Amino acid sequence: MEHKRQRVTLIPSPIQIPPLGLGAWQWGDRLLWGYGRDYTDADLRAAFDAALAAGVNFFDTAESYGGGRSERLLGEFIRSSGNPVSVATKFMPYPWRLQRRHLVDKLRRSLERLGLPRVDLYQVHWPMPPRSIETWADALADAVEAGLTRAVGVSNFNVEQLRRAHATLARRGVALTSNQVEYSLLHRAPERNGLLAACRELNVTLIAYSPLAKGLLTGKYAPGHPPPGLRGRRWRGQALTSIQPLVARLREIGARHGKTPSQVALNWLIYKGAVPIPGVKNAAQVQDNAGALGWSLKPDEVAVLDQASDHKRQL
């Protein structure tokens with residue numbers, strides 16, 4: 001299949017990943033996503049297998065997802081499959097983690113849960129006080145020097161924080177590879193606040209989480225049918241009504257290409273130069289997401305989506 005040959009290089013590292021990854025936030029999360037109620041470990045294993053079959057072998061997780069269960073599940077699936085994958089995980093700089101060494105210590109714990117000698121990408125999850133951006137950037141360099149990760153990145157960093165992390169790592173001879181932020185047709189802040197441009201300038205890959213806006217861009221939800229659980233408390237009634245014109249444009253453009261709204265929304269991000277990592281609960285979602293690969297929106301279609309996005313409520 002054509003999309004299996006497509007690869008994106010996490011510049012300036014030698015790591016190559018598909019233009020689309022898989023986010024494992026849902027793996028073990030009961031509060032927001034309903035793990036153990038709406039889907040099981042068997043569903044997640046089927047999702048993992050479907051991803052590999054579709055050529056999507058870049059998985060993003062974090063120590064905080066499901067209290068570590070996401071990493072454990074991913075590790076189990078990797079070991080039993082025997083197939084090569086690229087793994088990214090994250091360090092949460094909780095306020096009580098005051099020493100630089102805590103980052104390497106927690107990376108070792110993540111590696112134990114994953115059952116791996118090292119990961120491909122290790123990221124600082126949030127730019128949280130009280131320790132400085134420079135403290136954790138230096139700690140990322142320590143992790144590289146210890147041979148525990150091939151590349152390092154950050155997550156949820158703004159332009160100023162990104163530049164500070166980039167400069168600190170550069171002084172250590174280590175490249176900042178990525179910045180993982182929320183980015184979708186319903187959350188275009190990275191375009192508007194200069195972050196996407198800064199990533200391009202610094203050769204930092206922008207990894208887009210919540211690329212389907214927690215399901216809102218799939219076309220599954222309407223004013224009389226809100227998302228379940230906590231998501232539905234925020235998005236219902238008029239809020240859902242406001243995004244229907246955008247969803248209609250996704251459907252119209254998708255019909256021209258034989259694609260679903262989700263596939264169009266993900267392809268829009270790939271067109272913009274981001275690597276989307278949609279979260280999944282089952283194999284059907286993986287198979288649908290993989291349909292975003294192997295084709296491209298036309299410039300005029302991107303412009304239509306940009307305009308439709310401009311006229312609805314931003315997350």
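**Cavities, pockets and buried spots**

In this predicted model, the second largest cavity takes up a volume of about 30 Å³. Its walls are made by Val124, Trp126, Pro127, Met128, Arg131, Ser132, Ile133, Trp136 and Phe157. Sorted by class, the lining of the second largest cavity comes out as 7 nonpolar, 1 polar and 1 charged residues. How many cavities of 30 Å³ or more turn up? The count is 2.

The largest cavity has a volume of about 50 Å³. Around the largest cavity sit Leu20, Gly21, Leu22, Ala51, Val56, Pro278, Val280, Val286, Asn289 and Ala290. By class, that makes 8 nonpolar and 2 polar residues, with no charged ones in the lining of the largest cavity. Helix H11, residues 283-290, puts in the largest share of this lining, namely 3 residues.

H11 deserves a look of its own. Its buried residues are Ala283, Val286, Asn289 and Ala290. These residues span an arc of only 125° around the axis, so they end up on the same side of H11. That fits a familiar rule of thumb: an α-helix has 3.6 residues a turn, so residues three or four places apart point the same way. The cover over the buried residues of H11 includes strand E3 (22-23), helix H1 (41-53) and helix H10 (261-272). At the start of H11, Asn282 reaches in with a side-chain oxygen, which comes to within 3.2 Å of the backbone nitrogen of Ala284.

H11 also shows up in the pockets. The largest pocket holds about 690 Å³ of space. It is lined by 33 residues, and those closest to its centre are Trp25, Gln26, Trp33, Lys214 and Gly279. H11 gives the most to the lining of the largest pocket, again with 3 residues. As for the classes, the lining of the largest pocket is a mix of 13 nonpolar, 13 polar and 7 charged residues.

The second largest pocket has a volume of about 240 Å³. Of its 15 lining residues, Val204, Thr205, Leu206, Gly273 and Ala274 are the closest to its centre. The class count for the second largest pocket is 10 nonpolar, 4 polar and 1 charged residues. Strand E1 (8-9), helix H7 (195-202) and strand E9 (205-209) each bring at least two residues to the lining of the second largest pocket. Of the elements, H7 gives the most, with 3 residues.

Which residues of H7 are buried? They are Leu195, Leu196, Ala198, Cys199 and Leu202. They cover an arc of only 160° around the axis, so they too lie on the same side of their helix, H7. The face of H7 turned away from the buried side carries Arg200 and Glu201, both exposed. On the buried side, the cover includes helix H5 (159-171), strand E8 (176-182), helix H6 (189-192), E9 and H10. Right after H7 comes Asn203, with a positive phi near 60°.

Now for two side chains. Glu71 sits in helix H2, residues 69-81. Is Glu71 buried or exposed? Its relative accessibility is 0%, so Glu71 counts as buried. The side chain of Glu71 is joined to that of Ser110 by a polar contact of 2.8 Å. Beyond the neighbours within four places in sequence, Glu71 is in contact with Thr61, Ala62, Glu63, Thr89, Ser110, Arg113 and Leu114.

Arg97 is found in the loop between strand E5 (86-91) and helix H3 (101-114). The cut-off for buried is under 20% relative accessible area. Arg97 has 9%, so it is buried. What does the side chain of Arg97 make a polar contact with? Its partner is the side chain of Glu63, at 2.6 Å. A polar atom of the Arg97 side chain also lies 2.8 Å from the backbone oxygen of Met92. With neighbours within four places in sequence left aside, the contacts of Arg97 are Glu63, Phe91, Met92, His102, Lys106, Arg131 and Trp136. Two of these residues, Arg131 and Trp136, have come up before, in the lining of the second largest cavity. Glu63 has come up too, among the contacts of Glu71.

Technical notes: Residues numbered from 1 in each chain as written. Predicted model: local features only at pLDDT ≥ 70, side-chain atom pairs only at ≥ 80, totals over all residues. Heavy atoms only, no water. 1 Å grid on protein atoms, 1.4 Å probe; cavity = no way out; pocket = protein on both sides within 12 Å on 5 of 7 lines; lining within 4 Å. Points joined across faces, edges and corners; volume = space filled by probe spheres on them. Helix = DSSP H or I, 4+ residues; strand = E, 2+ residues; numbered from the N terminus. Nonpolar A, V, L, I, M, F, W, Y, C, P; charged D, E, K, R; others polar. Buried < 20%, exposed > 50% of the residue type's maximum accessible area, 1.4 Å probe, protein only. Polar contact = N/O pair within 3.5 Å; in protein donor to acceptor, adjacent residues only side chain to side chain. Contact = heavy atoms within 4.5 Å. Arc of directions from axis to C-beta.
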